[in-house]
Amino acid sequence: MHKLASIFKNKEIVGRIFFTIMILFVIRIGAAITVPGVKPLEELNNAMNSGNALAMMNLLGGGALQNFSVFALGVSPYITAQIIVQLLSKDVLPALTELSKQGQYGRKKIEMATRYLTLLLGAVQAYGIIRTMQNSSYIELTLADNFWTYVYIVTVVLAGAMLTMWLGDQITEKGLGNGISVIIFAGCVRSIPMQISTAWSKWIVYNQDHGSTAIIRGSFQFALYILALVAIVSGVVFFELAKRKIPVQHAGKGGQNASLAKASFLPIKVNSAGVIPVIFASSILMAPSVIASFISADAANAQWLKIFSYSELYWMPGVNGSSWAMPWGLLIYLTLIILFAFFYAEMQIDPEQLADNFQKNGSYIPGVRPGKETQRYVSKVLNRVTCIGAIALAVISALPVVLVLSGIFGNDSSLALGGTGMIIMVGVAIELNSQIDGLLAGKSFEEVKGGI
């Protein structure tokens, strides 16, 4: 309560919160405006609750794809462009690598390149989604089905994506938190009340006319569902905050006291890659269907594409005319998540560069020699920590898909718990809390300084 009171007393924080809410309000209005010339069909709502790659795009768009609105693409093209540019900056393209070392000027140039790439990826992605949804009977065009209609729709959707990106930048600059993350966070949070309301209707309201036994059983199921939701959120919070601390000492500070020595460490987060591996894995799984949609409607509806759908079972012929199912899409999805988690963790924390920086600054890890031995030690610790993080990330991401495939919730897949949205919500909430703490600490420092 004291912290809440401090927040409302701080005009800067209140102003930032109000600005962020207003921007999110604008985005929600845009998410409700369907692109002219497009009519969403009932099957689109079912697809958004099935946990497939389109549902992931809907998540990154703050739920705007569900109505095929002007903000349908959301921040997905920008995130993909950021990841690609970041990968190319790691000694793949010398020009980008050189820019990444040029401070503020280099960052501005890289950001401009990212925005140009966002335009290109957004156009390709928009056309691919339109064709995929048409072939899957998720939408139908109310305008003439010709080249200029597609140009018009792609232009509208692409303009919405660029506007969303700009609004995210405004939140980062004048609001609270990272704007792109906050937009995704808002889209994830809106599903929680709907999820709880659906569970209440399914287990409490529905059983009121079926006797006291059914009411007791439904109440127990609802309570168990809420407890499972709280347990999963608690687990994700623990997973996001968990880190391995490597003690670090500095040359020339041999006389430092025990508290200072304890505070000097290198933190390695268990989930240093965040949700980037999940986004990348989803994009790769969606690529075959997008490519097939460019070829023909028959290719886009081909049965073999279900291999890449992590929300469906792929049925294969067995012996004596029987058949058996295998979740190949889910297995590929989990494998990609784990591989990208290791890859992105190595990008975030480069053991070789870290060892060089330690040597230049006169820092060292107690009991480990500087140079190659430090590099090997950090790499070993990073791999072990990332192994735990990658498995946990894969389990949380796969949880709603597994629950849906198991049929626990029947035909209502919207009740599935966990998933990428949960990781995003917890991560952004922790980030917002840290930023508010920083602003409050800055205000307290100014008050103390003014009183001296």
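# A tour by selection, starting at helix H9

Select Gly179, Ile180, Val182, Ile183, Ile184, Phe185, Gly187 and Cys188: these residues of helix H9 are buried. The model on screen is a predicted one. Now extend the selection to the whole of H9, residues 179-189. Eight of its eleven residues are buried, so the helix is largely enclosed by the rest of the structure.

Add Asn178 and look at the N-terminal end of H9, which Asn178 caps. A side-chain oxygen of Asn178 sits 3.1 Å from the backbone nitrogen of Ile180, and Ile180 is itself among the buried residues of the helix.

**The whole chain**

Zoom out for the overall picture. The chain has 18 helices and eight strands. Of its 452 residues, 44% are buried. Take the contacts between residues at least 6 apart in sequence: 70% of them join residues at least 24 apart.

**Phe68**

Go next to the loop between helix H4 (53-60) and helix H5 (76-88), where Phe68 is found. Check its backbone: phi is positive, about 45°, although Phe68 is not a glycine. Is Phe68 buried or exposed? Its relative accessible area is 2%, under the 20% cut-off, so Phe68 counts as buried.

**H5 against H7**

Follow the chain from that loop into H5 (76-88), and show helix H7 (residues 103-135) as well. The axes of H5 and H7 are 8 Å apart, and the helices pack at an angle of about 130°. H5 is therefore oblique to H7. Their crossing is right-handed.

To see the contact, select Ser76, Pro77, Tyr78, Thr80, Ala81, Gln82, Ile84 and Val85 on the H5 side. On the H7 side, select Ile110, Glu111, Thr114, Leu117, Thr118, Leu121, Gly122 and Gln125. Colour them by class and you get eight nonpolar, seven polar and one charged.

As you look along the two helices, bear in mind the geometry of the turn. An α-helix has 3.6 residues a turn, so residues three or four places apart point the same way.

Now centre on Thr114, in H7. Which residues does Thr114 touch, not counting those up to four places away in sequence? They are Tyr78, Ala81, Gln82 and Val85, and these four appear in the H5 side of the contact. Thr114 has 3% relative accessibility and therefore counts as buried.

**Gln134**

Stay on H7 and move to Gln134. Leaving aside neighbours within four places in sequence, Gln134 is in contact with Ile139, Leu141, Asp145 and Tyr150. Pick out Tyr150 from that list: its side chain and that of Gln134 are joined by a polar contact of 2.6 Å.

**H16 against H17**

For the last stop, select helix H16 (residues 351-361) and helix H17 (residues 372-406). How do their axes lie? They come within 8 Å and cross at roughly 135°, and the two helices are therefore oblique to each other. H16 passes H17 in a right-handed crossing.

The residues to display in H16 are Pro351, Glu352, Leu354, Ala355 and Phe358. Their partners in H17 are Thr374, Gln375, Val378, Ser379 and Leu382. By class, this contact divides into six nonpolar, three polar and one charged.

Key: Residues numbered from 1 in each chain as written. Predicted model: local features only at pLDDT ≥ 70, side-chain atom pairs only at ≥ 80, totals over all residues. Heavy atoms only, no water. Axes fitted to C-alpha atoms, helices over the stretch in contact; angles between N-to-C directions. Parallel < 35°, antiparallel > 145°, perpendicular 65-115°, else oblique. Left-handed = near helix turned anticlockwise from the far one by under 90°. Contact = heavy atoms within 4.5 Å. Nonpolar A, V, L, I, M, F, W, Y, C, P; charged D, E, K, R; others polar. Buried < 20%, exposed > 50% of the residue type's maximum accessible area, 1.4 Å probe, protein only. Polar contact = N/O pair within 3.5 Å; in protein donor to acceptor, adjacent residues only side chain to side chain.
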